[in-house]
Amino acid sequence: MGTGANPHAALTMPCVRSTLSIMSMNQYNCWLQERIVQKPADLALDSVYVLKDGVKKNGPVACRAAEEFRAGIKRLLGFSPAVYEITAADYSDSKYGVYLGTLADFKNKSIYGKQFNPAADDPGEDGFLIKSDGKNLIIAGAGETGLLYGVFRFLMLLGLGRASGQIEIKEEPASPLRIINHWDNIDGTVGRGYAGRSLFFENNNFEYDKDRIIDYARLLASIGINRIAISNVNVGKLEKCFITEQYLGELAKVAAIFRPFGIKLILSVSFAAPWSVGKLPTADPLDPDVIKWWKVQTDLVYKFIPDLAGYIVKADSEGEPGPFQYHRTQADGANLLARALKPHGGIMFWRCFVYNCQQDWRDQSQDRARAAYDHFMPLDGKFDDNVILQIKFGPYDFQVREPVSPLFGALKKTRHIMELQITQEYTGHQIDLCYLPWIWQDIMNFDTAYGPDSRIRDLIGKKFGSTAAGGAGSASIEGFASIVNTGRDINWTGHTLAQANLYGYGRIIWNPGLSAGEIAREWSVLTFGPGPAAQTVEELQLKSYPAYQKYNAPFGVCFMVTPGLHYGPNVEGYEFDRWGTYHRADTQAIGIDRTQAGTGFTNQYPQSNAAMFADPLKCPEDLILFFHRLRYDFKMKNSETLLQNIYSTHFEGYDEVQAMLEKWISLEGSIDEEIYSSVLARFKRQLANAREWRDQVNTYFWRRTGIPDKYGRKIYD
Ligand code: GCV
């Protein structure tokens, strides 16, 4: 929605990889630090065996995996192991050491006396096995990407001090699609970016530090990312031409950098391209010339990038063109592009962020929260089999707290993924600390209530249509896409502690059973090393989301944020605007009634969830104002009124930020100085922001109601 200037230009710290000081490297290396850890006593890590030609035959990702193993051991143990190529017969010799390969390489081989049985051991696509008897180590990928992920998992274990003794690990990612979306523009700006300028673009061109993009690909691969779109879904004038020869050569170079890391490119395209780029009189999806244009253009794209994963389109949304212009459906639009992609094995990622952004605030009959379901549910089954709908996790727009979109669990005949937002558009612009795995964990555990095993985490990754219609399998979520929080700042994410959000995204979509706490622990130790500092940082991460939620818009009411910019409070900023984001607070009550008696949004959920959300006594309290219009004297679970709870959460949120700042100050001298001072500067700004939220929100409600805080805390007139 709209665009806003970045309020923290003063905080940006751009960098070129080769010019970094050793200290800055601590910020730059994220969770892949160069830090000598304790070597597992008997593990023979100095000799690595790969099947002669095996790794090479397996492809560039396998070669990269072997190289990453070598470099990772150097990073963590300070020596480079020797890599030997051996023949199949040599396996039975059982030299002590590390064996890297794919399951096919190890088929029926006996390694250090153990028979390897790939059929029984097969971990599934992108999966791996790690086995160790305490002396030797085998890392076997289901395929070459699995090998790469297995290598990174072993290095993570080493970094965490968990790589000694017997190891028997079999892992495969829950989500087949693990996608990063950039909203970068060719002029170098980043849509909703808070970490400096684009990693890929500058001066209306592709302009990047190649070493840095390699490092970026490594970071992403180390957390399992396998797809990336590098440019904005709001497709600019020049970016529209990315599907032409003018830019395809450049895109192909970027694709080549990511390829050995198992990451494939997705291309953001404009639905109107046949008209705006191809100069046809129309972009109507049923027009034969338009159909032909997409086919010809897509054939050209695949000549340059044969393994392109597909296209992503934002259609009929916030000014982006789409099929509605031609009175066609979203399915007509998506299928048009899907058919051009089909011969190449490409996927059409079609976003469901379709809503009326020209609403009249006076009109109470429309409810933006209904839009995605209303537009897409009636089309279930009408999309081609290479269309994947990309659905924002909530019905609104990445708010601090929203219910999970009712499309999840409901769509049975259409492939789909969930969209998250790592970049902190509404969650503090990477000035405020806000640890997002906290909310993602809640999303994963949300029960869609479509029968047994229908929590979001249960629906992920099941083969599409693998169980009877209506069962969980047919409602499978094939993975996740997220708008990323990275840019040219030294530390990639502006706020060094926001690296945990990128790390956490990769980890939780790989394994949705991981808790926010486990992820915070891993990240803190990998980043700061084991010890009290890591423990403090872990604690801060875990406290940050609840604190942010408290000083933000209360109880799921959403959008009390500065319009356009989306940082800092503006209680009525969106109240009389066109975006459909109203809370309609008056002197007696606040919120939108989304029950049957109101907009009927609750009915988009299956019966039990609809009943839960529709009853203010059963509705989760942090969503109560999303679903209900309540009087200020409504009694909350703690027996205090809604109004009193609004006051209290805002006072508490501020106090919690102050306590976090003090905790951070306690780390002075025990962690990297640059990290310490840059994070300190951000905590100070966060405190100022929390103060503004606290006082503006509390004053607003005090002025509306004339009811004071029962504990007599200061509310300004
Ligand atoms: C890419 C929000 C943001 C927009 C973004 C849009 C989207 O509305 O404010 O900047 O545009 O989401 O997801 O398409």
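Reader: What makes Glu-171 and Arg-153 a salt bridge?

Author: In this predicted model, the closest N and O atoms of Glu-171 and Arg-153 are 2.9 Å apart. The cut-off between a side-chain nitrogen of Lys or Arg and a carboxyl oxygen of Asp or Glu is 4 Å, so the pair qualifies. A search of the whole structure finds 39 salt bridges.

Reader: Why is the pair said to link distant parts of the chain?

Author: Glu-171 belongs to strand E8 (residues 166-171) and Arg-153 to helix H6, with their positions 18 residues apart in the count.

Reader: How do you know which residues make the contact of H6 with helix H15?

Author: The axes of H6 and H15 (residues 499-510) come within 15 Å and cross at roughly 115°. Contact itself requires heavy atoms within 4.5 Å. On the H6 side the contact is made by Tyr-149, Arg-153 and Met-156, and on the H15 side by Tyr-503, Arg-507 and Trp-510. Arg-153 thus appears here as well as in the salt bridge with Glu-171.

Reader: What classes of residue make up that contact?

Author: Four are nonpolar, none is polar and two are charged. Tyr, Met and Trp count as nonpolar and Arg as charged, so Arg-153 and Arg-507 are the charged residues of the contact.

Reader: What is the handedness of the crossing of H6 and H15?

Author: H6 passes H15 in a left-handed crossing.

Reader: Why is the space with Trp-31 and Leu-32 close to its centre called a cavity?

Author: A cavity is a set of points where a 1.4 Å probe fits but cannot get out. Seven cavities of 30 Å³ or more are counted by this rule. The largest cavity holds about 160 Å³ of space, and the residues closest to its centre are Trp-31, Leu-32, Leu-155, Met-156 and Leu-526, out of 15 that line it. H6 gives the most to this lining, with four residues. By class, the lining has 10 nonpolar, three polar and two charged residues.

Reader: What makes the space of about 720 Å³ a pocket instead?

Author: A pocket is an open set, with protein on both sides within 12 Å along at least five of seven lines. The largest pocket has that volume of about 720 Å³. Of its 32 lining residues, Glu-125, Asp-126, Pro-176, Asn-226 and Arg-227 are the closest to the centre.

Reader: Which element gives the most to the lining of the largest pocket?

Author: H6 does, with three residues. By class, the lining of this pocket has 13 nonpolar, six polar and 13 charged residues.

Note on methods. Residues are numbered from 1 along each chain as its sequence is written. This is a predicted model: local features need pLDDT of at least 70, side-chain atom pairs count only at pLDDT 80 or more; totals for chains, interfaces and linings use all residues. Side-chain values use heavy atoms; hydrogens and water are left out. On a 1 Å grid over the protein atoms alone, a cavity is a set of points where a 1.4 Å probe fits but cannot get out, and a pocket is an open set with protein on both sides within 12 Å along at least five of seven lines; lining residues have an atom within 4 Å of a point. Grid points are joined across faces, edges and corners, and a volume is the space filled by probe spheres set on the points. Helices (H or I, at least four residues) and strands (E, at least two) are DSSP runs, numbered from the N terminus. Axes are lines fitted to C-alpha atoms, for helices over the stretch in contact, and angles run from 0 to 180 degrees between N-to-C directions. A crossing is left-handed if the near helix is turned anticlockwise from the far one by less than a right angle, and right-handed if clockwise.
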